[in-house]
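Colleague: I should be grateful for a close look at the salt bridges in this structure, with attention to where their partners lie and whether they are buried or exposed.

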Number of protein chains: 2
Amino acid sequence: MAILKFAPFSTSIHPTFWQELSSLKIDKLQLSDEAVQIKAQYTAGKVILDRQTGASVSLGSQISLDAASLQRSDATQHSANQPSTSAITAQSSSAISARGFLKNFNTVEAFRNADKQAIFDDTLQDIWKRLTSDEEEPEIFLTTFLALTFADLKKFKFYYWFAYPALVTNPPWEIIEDGKDPWKPISSTLDAARCGVLSTWLQQQSAGRGFFLFKISSGTDAQCARISSYAAFFDGVPETERYIGFVDPSGAVQTPGWPLRNLLAYLQARFGVEHAQIICWKDDLAQSSGSLSPDQSRSVVGQVRLPASQSTDGASTAGLEVQGRATRITSKPNNPQEPSGVGWERNVQGKLAPKVADLGPLMDPKKLADQAVDLNLKLMRWRIMPEIKLETIQSTRCLLLGAGTLGCYVARALLGWGVRQITLVDSAKVSFSNPVRQPLFDFEDCLEGGQPKAECAAKRLQRIYPGVEAKGVSLSIPMPGHPVSSNMEEQAKADVERLEKLVDEHHVIYLLMDSRESRWLPTLLGAAKSKLVINAALGFDSYLVMRHGAPPASTDGTGAGKDASSSWHGRLGCYFCNDVVAPSDSLTDRTLDQMCTVTRPGLAAIAGASAVELMVSVLQHDLGVHAPATAGETSKQSVEDAQAIADASTVLGIVPHQLRGFLAQFNTLRVVGQAYDRCTGCSASVVEAYRSIGFEMLLKAFNEDKYLEQLTGLDQMYKEAEELEAAVDWDVEDDEEDGF
Amino acid sequence: MAILKFAPFSTSIHPTFWQELSSLKIDKLQLSDEAVQIKAQYTAGKVILDRQTGASVSLGSQISLDAASLQRSDATQHSANQPSTSAITAQSSSAISARGFLKNFNTVEAFRNADKQAIFDDTLQDIWKRLTSDEEEPEIFLTTFLALTFADLKKFKFYYWFAYPALVTNPPWEIIEDGKDPWKPISSTLDAARCGVLSTWLQQQSAGRGFFLFKISSGTDAQCARISSYAAFFDGVPETERYIGFVDPSGAVQTPGWPLRNLLAYLQARFGVEHAQIICWKDDLAQSSGSLSPDQSRSVVGQVRLPASQSTDGASTAGLEVQGRATRITSKPNNPQEPSGVGWERNVQGKLAPKVADLGPLMDPKKLADQAVDLNLKLMRWRIMPEIKLETIQSTRCLLLGAGTLGCYVARALLGWGVRQITLVDSAKVSFSNPVRQPLFDFEDCLEGGQPKAECAAKRLQRIYPGVEAKGVSLSIPMPGHPVSSNMEEQAKADVERLEKLVDEHHVIYLLMDSRESRWLPTLLGAAKSKLVINAALGFDSYLVMRHGAPPASTDGTGAGKDASSSWHGRLGCYFCNDVVAPSDSLTDRTLDQMCTVTRPGLAAIAGASAVELMVSVLQHDLGVHAPATAGETSKQSVEDAQAIADASTVLGIVPHQLRGFLAQFNTLRVVGQAYDRCTGCSASVVEAYRSIGFEMLLKAFNEDKYLEQLTGLDQMYKEAEELEAAVDWDVEDDEEDGF
């Protein structure tokens, strides 16, 4: 007799398991370290042929996990990125499922300092309770495992320690040796027919098939049954015809696998079994039943028994009790009610210690970048801002008109928010003074006349983050006050069409140019096409960042703008709503300091980032571009004021209309402005003229000084102002006072 | 007789002239287009030997300008970058100076549209007036020239048009031909001795030597004189012995140079000369007098005369009048008081049009970058902010502790302000989530484990602007709450020494790290070494940007801080002044979202740029780190308040203490906080302990929980607070009211 030894499980974790765990933590678990139920799979033990020696080499007693291990069986995906098909699906007909509990710790200190033994003991206690109840399907509890993990999501390193809690007996089970190898080939016991019965049962069984009872009937007959039916199944069957078996993950012929431990403990505790003939089934379950002959089988049979309890040095070896009856299962030294067990997995060096999987090197760096960028944003949802709509922001397509100081800072802030589609438009080339103020260009981009700014900026965005789709378009935007000569008309028409298409293809249009009149056409297009237009402009030490209001209602009363206009502010204004003259040429005949837009260098960073944060606030609001605006809390606000502010707020805070920042005072004014119904940029008359006439209308705006003023009725306004002035008697009556 | 033809001047401009003009415009002229007096130089006409034909080829009638042309002769440098030595100094002993007027226009339109003829006429009128007065030194006026320029400082293109105004006569002067070549070698007229007299005089003369009178005395004698002494010098001298001469820039033997025009006009108008023997001196003045023999001389002599005035078709050819006497100098058709003239230089194609010098290709791109970056900043001084102290900012050495989101944005803003020395310190490597939020890193910097952040950031700064001196230092900063084990003490000491040295070597220290306790040591060092410390910290959607106050006065009453402490605020506080506990370990056992400092992506750009603008404001103040602070204007301020604000302001605006920005409200609070005399970071007890004990004191701070609290007396404060609490009777008497 020799002490029965078991081959411990060797956990084999596919990298997809860690990716799935990462997603699970980021999206669902977040800060929770509650135990989560998971699955693992094992098959009958595999061997491979050592080509050099010709010997069969056992692959060890593998139990495998992958992404599917963490996914719920009701087809709910934890991670949209992972396919629902397990990487080991091919083996699913051969595989036995094991149930486990995963506890993912939040910090490496928590992982290290956790009372692991307590967790183990709890799990074992749970197994014990289940096995000693009248459980009809005890099999799943026999192979319960424990997974303690810590995921370092920044470095893609995963620390883990698995345990396969197994009950023990005192003394341990023994294997009966008679001759050389205690475990004998199954052919020595079963003929082909009976073998076939067994293998067929195993193949067809779904639930609980990792374990079985087997008895030979008269003749060639044989029967199998589930282990919970031990009493009834073996009633009247002599011991020599009783067989207990399990699908054995151990490929080693002479060493049974780990599931046998709890199987024996179960049979002992539940049915008082102290002697058994064991079938270790080591053949592939998927193999068709008919084709497996006993000679080909690698399965083995052996006899085990539990020696009588011996008290050494007077200490009691009484085992745990079940319903008043003593079992042989060992209890904890300090607690006779709870079982003692073994089962911590050893690491590669054979020590009882955790292992680490370093996935960094395995992963495509671009995927690593994607995950890292995503992570940083999703962390917001763990604690600080669970309701933030990140995907809305990231799927917003942004068009940046201007790739200068503002364009570069806006593009970078968009990247930080995970925006994936950015198009930049500019007609200039990178010049030597650009790189120090426009953070997408380097010195070398200035050489040889300079790279085209839009394309250069787009390429740089790609180099920062390969997952972005960045495009650069070199395009001149036609403007009022800069007449288009007839030989340039075709080019201007093409440019306008290109711009129209770009506006169509994006959700948000940023106006980031360095002149007033160049903003006119995109303002009109944004209004006509109902886009969110964000406008930023710089002075020497002040900036304006604003969103344009929703498109105008039609002059017949239908159309957009209703929600914001229900607020007392009405429809919000655009960049031109405060003007009483049409935009004109401000670019020609400028001195150098006027051309260069001299500004304090820090201003563009502040304005550009604020423009993006403004956009993000608008996108959080259910009404989007129609969101009402607020200038924020005041000390004297009424209940209605507070309600108005709430209406114009989101989880992120207020949704402003205009921000005017002043570096000289280091402060910001929040302004709300109404739309002007004679605005040259966004009023109904202009939008409708554009919609009905198209390019010819734009051409007039570019070429004819007075066209926009006449179209909008501004010229009427001048007249009215003059008439008003004439109507008022400005002469002050000279009373006794001296001349004014 | 043939009409006398003259070789026009050919302007030769050395590139240094344009660089000097650029500097002059940027630094002095700025927007002014007032005429500026400048100089040019010419020599006796050069010829070179055509090696192929053996013939002598005249180099044309060159007049040269370089940087020295724009520099004042009293050694005042217009540009510190240009050497005071003219590039053509070597010729100065051979060269004749010409005086000119430069008018540099502000825009290309102004250059094109200027009334050039009017400017020309004014110059000619000025010449005429001078020549017809009793001017003793008329020579300089004979060669007055005009330079009209436009400098495109962005593209390094210079547009220019020179004119050499010359008076004309009607009819024109004629050259007397007798035989083949009207201009005869000087040897035909003068012997060696007389030639020697002339060449000696020319060589030794300084003022006015471009022109001369020459007469032969009896025998071998000869004499020279200046032209204004014509009447006296030639009194009694027969015409055949009178010679008038000039240093002739024309190398062509048979064509005299341009200066002869005004010389003849002068002699005619002033002295009524209508016939003369002209010596065109074409020999190098620097050649020693004795060595020039007439046969070697290239100088020539010829006879010219002014034909009698002829009225054709009845038009008057009466010339201008001088003191009632008619001259032969032609007046303008529509203005008999003003002279008419010629002299616009033709361009390469022979047209009367401006020329352009494109210096872009000639210049070292790095110099171009330097100039471009400088330009953008100096433009501030043209109109908007003439008093801004740019050089102070640019020579400030900045140490950035932390190369993360804040570090990268601060570094970029410093570049924009022209700061030339930036050192970054960080102990980490670039990771995959960094590039989209930290604008000095690209995707490729993350590969292979990631580049060290500090060095990588410094390299990128260099790639943006080669003129910056950027350095990266990988260094871990020891901190309180993170005990240094004894085997790490040596490393910690070395790290501290390295940090001390870095603090010593810089003017401004930026604290841009991601934890509270890491800021403690640099805060103390900054206070101990009287540096300007700027602190920036990020929350999820709020930021703090502040400057630390001046160092503490000694506990004995001496020392710093007096100016700010004279304001009611007293000494301004540091980052730790509001704490009542010493900094402790906040880094260990953090969950991922705590580790990652989750922030709204636009925040770092706003905070980083604001930190730099705050520094710039402090640097503008005369008191620098001692500047008092203000929270800005309020609606209810008193006269004293207004004065306090003015004391804490510069041309750029207010100098704040702390800025607290809130993205949820898009607003910023300006806060002024006093220093705390029990502060663990900057109070006198801590600073003095550090100064007297050094590293051992720091080690205690790192290792011993209570050390700083005991050192500063915070522990006393706890005691006092407890005693106070005990002393107060907190029990509220229960009156008729119900339980509280």
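Modeller: A residue counts as buried when its relative accessible area is under 20%, and as exposed when that area is over 50%. The model is a predicted one. By that cut-off Arg460(A) is buried, because its relative accessible area is 2%. Its partner Asp442(A) is likewise buried, with a value of 1%. The two side chains meet in a salt bridge of 3.0 Å, N to O. This pair links distant parts of chain A: Asp442(A) lies in the loop between strand S24 and helix H12, whereas Arg460(A) belongs to helix H12, 18 residues apart. Through shared partners, salt bridges join Asp442(A), Arg460(A), Arg463(A), Asp442(B), Arg460(B) and Arg463(B) into one network.

A second pair is formed by Lys282(A) and Asp248(A), whose closest N and O atoms are 2.7 Å apart. Here the link runs between two loops of chain A, 34 residues apart: Lys282(A) sits between strands S15 and S16, and Asp248(A) between strand S14 and helix H8. Lys282(A) counts as buried at 1% relative accessibility, and Asp248(A) counts as buried at 0%.

A third pair joins Glu174(A) to Arg305(A), with the closest N and O atoms 4.0 Å apart. Glu174(A) is in strand S10 and Arg305(A) in strand S16, 131 residues apart in the chain. Glu174(A) is buried at 17%, whereas Arg305(A) is partly exposed at 32%.

These pairs come from a search of the whole structure, which finds 45 salt bridges over all chains.

How values were computed: Residues numbered from 1 in each chain as written. Chains lettered and ligands numbered in written order. Predicted model: local features only at pLDDT ≥ 70, side-chain atom pairs only at ≥ 80, totals over all residues. Heavy atoms only, no water. Helix = DSSP H or I, 4+ residues; strand = E, 2+ residues; numbered from the N terminus. Buried < 20%, exposed > 50% of the residue type's maximum accessible area, 1.4 Å probe, protein only.
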